[in-house]
Amino acid sequence: MDRPRFQDPQVSLYELAADDILVVCPRCGGRAVNAARPTGSRWVASWPRRLTCAACGYAAAWEPAGATSVWGGPVDPFFGGPLWLRAECCGGRVLWAFNRRHLDILGGFVGAKLRERGPGPGGLTLVARLPAWMTAAKHRAEILRAVDRLRATLEN
Ligand SMILES: [Zn+2]
């Protein structure tokens, strides 16, 4: 999808993780879901999580007590396994996303002719923190092809 304008939706990785995170099932290699179990806390990284695979029945739980989460790479911040939505592109870099919403934001940003800041202060948003290789015009077509490849894996 090629849109002329893109406005930063001003979401953070943490907000995206409030939704399901798609991961590679550690047992069968299929598409599994890491779902949040929201608590009263506003801090998404402290919510318990549950990993389930519809294909093979694998299930695991993550509890915040005594555990850490690691953010900012192509792995599940909680369970540590590889994300489902990841693709090599642009000379060995890895494009990655937690879920469809995340992928749509990346595709919208990279595909836009005109990029606008959102209405509020945006220093910590996902879009404001994208690495330079993702914002380089020379990588635009290749990144959009990778986004399309990843979208295709969500079609079933
Ligand atoms: Zn499985």
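## Asn34, a buried polar residue

In this predicted model, Asn34 has a relative accessibility of 0%, so it counts as buried. You will find Asn34 in strand S3. Its side chain is not without a polar partner: a polar contact of 3.0 Å links it to the side chain of Asp76.

Who else touches Asn34? Leaving aside residues up to four places away in sequence, its contacts include Asp19, Asp20, Ile21 and Val23. Arg49, Arg50 and Leu51 also touch Asn34, as do Asp76, Phe78 and Phe79.

## The S2–S3 hairpin

Strand S3, the home of Asn34, covers residues 31-36 and pairs with strand S2, residues 21-24. The two strands run in the antiparallel sense, and 4 bridges connect them. One place to look is Val24, whose bridge partner in S3 is Arg31.

Between the strands of this hairpin there are 6 residues. Within the hairpin, Gly29 adopts a positive phi near 80 degrees.

## The zinc site

Which residues hold the zinc ion? Cys25, Cys28, Cys53 and Cys56 coordinate the zinc ion through their SG atoms, at 2.3 Å. Written as a sequence pattern, the donor residues follow the spacing C-x2-C-x24-C-x2-C. Cys25 sits in the loop between S2 and S3, while Cys53 sits in the loop between strand S4 (49-52) and strand S5 (59-62), so this pair ties together parts that are 28 residues apart in sequence.

What is the arrangement of the donor atoms around the zinc ion? The 4 donor atoms subtend angles of 105 to 115 degrees, which makes the arrangement tetrahedral. For reference, the ideal angle for four tetrahedral donors at a metal is 109.5 degrees.

Are Cys25 and Cys53 buried or exposed? The cut-off for buried is under 20% relative accessible area. Cys25 has 3% relative accessibility and therefore counts as buried. Cys53, at 4% relative accessibility, counts as buried too.

## Helix H2

Now let us turn to a helix. H2 spans residues 100-111, which is 12 residues. From its first C-alpha to its last, H2 reaches 16 Å, close to the 16 Å expected at 1.5 Å a residue.

Why can H2 be described as largely enclosed by the rest of the structure? Because 9 of its 12 residues are buried. Among these buried residues are His102, Leu103, Ile105, Leu106, Phe109 and Val110. The glycines Gly107, Gly108 and Gly111 are also on the list of buried residues in H2.

Note on methods: Residues are numbered from 1 along each chain as its sequence is written. This is a predicted model: local features need pLDDT of at least 70, side-chain atom pairs count only at pLDDT 80 or more; totals for chains, interfaces and linings use all residues. Side-chain values use heavy atoms; hydrogens and water are left out. Two strands pair if DSSP finds at least two bridges between them. Donors are N, O and S atoms within 2.8 Å of the metal (3.2 Å for Na, K and Ca); water is not among the atoms, so sites may look incomplete. Four donors count as tetrahedral if all angles lie between 85 and 135 degrees; four count as square planar and six as octahedral if opposite donors are over 155 degrees apart and all others between 65 and 115; anything else is irregular. Buried means under 20% relative accessible area, exposed over 50%, partly exposed in between (1.4 Å probe, protein chains only). The expected span of a helix is 1.5 Å times one less than its number of residues. A polar contact is a pair of N or O atoms within 3.5 Å; within protein, one must be able to donate a hydrogen and the other to accept it, and residues adjacent in sequence count only if both atoms are side-chain atoms. Contact means heavy atoms within 4.5 Å.
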